[in-house]
Amino acid sequence: MENIIITDNHIHVDPINGEGPLEVAKKFRRAGGNVMIIPNKPTWTVGKSCSFKDAMELVIKYVNEINENTDVRAFAVVGAHPAELSRLIKEGIKLKKAEQMMKDAFKTAQMLITEGKAIGIGEIGRPHYEVSPEELQIHNNLILYAMELAADADCAIQLHTESAAEEQFLEFAEIADKAGLARYKVIKHFSGPLVNKEENHSLTPSLIATRDVVTKGLKKGNGFLMETDYLDMKSRPGAVLGPKTVPRRTNELLRNETMTEDDAYKIHVETVKKVYGIDID
Ligand SMILES: [Zn+2]
């Protein structure tokens, strides 16, 4: 059991507001974790003058620090969070202009991926709070555009959305089809246990690593990823699961035989390799 590779599919590191890449990676490693997939944080968490490109380059820098200084293997996912669009609109920027700025950010993300500095576009998507119909339309345009870029670069995409049920999974699956992006390359971040194909329409759900969600997921199958969505913010320590949760939960479920070693391999290695096209064995 000690040779099992364990992956957190969505974990943040933030040396400005939290402990930063090395401390988080060391905690993750000590708990038995091996691979961290790290999306960049929103620009405002970095500072007022931070550009989309700066935020993406920062996470790439943190990933390099982890890879150079720890035994954890880290990979960057780059994009512009849907709340960035709301922020631009609140700042008084016209809708069309704001949409173009988001598209330019996604283009930058795609460039960093084709340069081999990141492995996927994300987190992008729709906000978890209510917005005007006009703003919602732009979010939907942006999801299609990001999926087209992902199809073009042949990379994965991580979606942040309102809490999604079968209906939303179908909607995103149909957008992926329209964009020419393989459905399994669309990862629904912060997912509930929608593990059956009839529920997730062949998208890849990234299950939040609570005992309840993962146990429910395993009753249906093992075609999913696991994540904490750890924010690394000292001001919100209990907002999400801690950085040790994915390895701890995995080992707990292996011990009590809720998860088999085959399940663990599928979740932490096989699906990660398939979705991102990376080698982590
Ligand atoms: Zn996140």
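**Helix packing, burial and backbone in a predicted chain**

Modeller: Helix α1 (residues 21-30) packs against helix α2 (residues 52-69) at an angle of about 50°, and their axes are 9 Å apart. This is a predicted model, in which local features need pLDDT of at least 70, side-chain atom pairs count only at pLDDT 80 or more, and totals for chains, interfaces and linings use all residues. Residues are numbered from 1 along each chain as its sequence is written.

Biologist: What makes α1 oblique to α2?

Modeller: Angles under 35 degrees count as roughly parallel, over 145 as roughly antiparallel, 65 to 115 as roughly perpendicular and the rest as oblique. The axes are lines fitted to C-alpha atoms, for helices over the stretch in contact, and angles run from 0 to 180 degrees between N-to-C directions. An angle of about 50° falls in none of the named ranges, so α1 is oblique to α2. The crossing of the two is right-handed (the near helix is turned clockwise from the far one by less than a right angle; anticlockwise would be left-handed).

Biologist: Which residues make the contact of α1 and α2?

Modeller: P21, L22 and A25 of α1 meet Y62, E65, I66 and N69 of α2, where contact requires C-beta atoms, placed from the backbone, within 7 Å. By class there are five nonpolar, one polar and one charged residues. Ala, Val, Leu, Ile, Met, Phe, Trp, Tyr, Cys and Pro count as nonpolar, Asp, Glu, Lys and Arg as charged, and the others, Gly among them, as polar.

Biologist: Why are α4 and α5 called roughly parallel?

Modeller: The axes of α4 (residues 95-114) and α5 (residues 133-153) come within 10 Å and cross at roughly 20°. That angle lies under the limit for roughly parallel helices, and the term therefore applies to α4 and α5. The crossing of α4 and α5 is right-handed. Their contact includes F106 of α4 and Y145 of α5, and its residues divide into ten nonpolar, three polar and four charged.

Biologist: How do you know whether I37 is buried or exposed?

Modeller: A residue is buried if 20 or more other C-beta atoms lie within 10 Å of its own, exposed if 12 or fewer, and partly exposed in between, with C-beta atoms placed from the backbone. I37 has 29 such neighbours and is therefore buried. I37 belongs to strand β2 (residues 35-39), where helices (H or I, at least four residues) and strands (E, at least two) are DSSP runs numbered from the N terminus. Its contacts, beyond residues up to four places away in sequence, are T7, D8, N9, H10, F75 and V77.

Biologist: What makes D154 and D232 unlike each other in burial?

Modeller: D154 has 12 other C-beta atoms within 10 Å and is exposed, whereas D232 has 26 and is buried. D154 is in the loop between α5 and β5 (156-160), and D232 is in the loop between β8 (225-227) and α9 (245-255). Phi is near 55° in D154 and about 55° in D232. Most residues other than glycine have a negative phi, and most peptide bonds are trans. The bond from G122 to E123 is cis, with omega near -15°.

Biologist: How do you know that the radius of gyration agrees with a compact globule?

Modeller: The radius is taken over C-alpha atoms, and the globule rule is 2.2 Å times the number of residues to the power 0.38. For 281 residues the rule gives a value near 19 Å, and the chain has 18 Å, which agrees.

Notes:
Contact = placed C-beta atoms within 7 Å.
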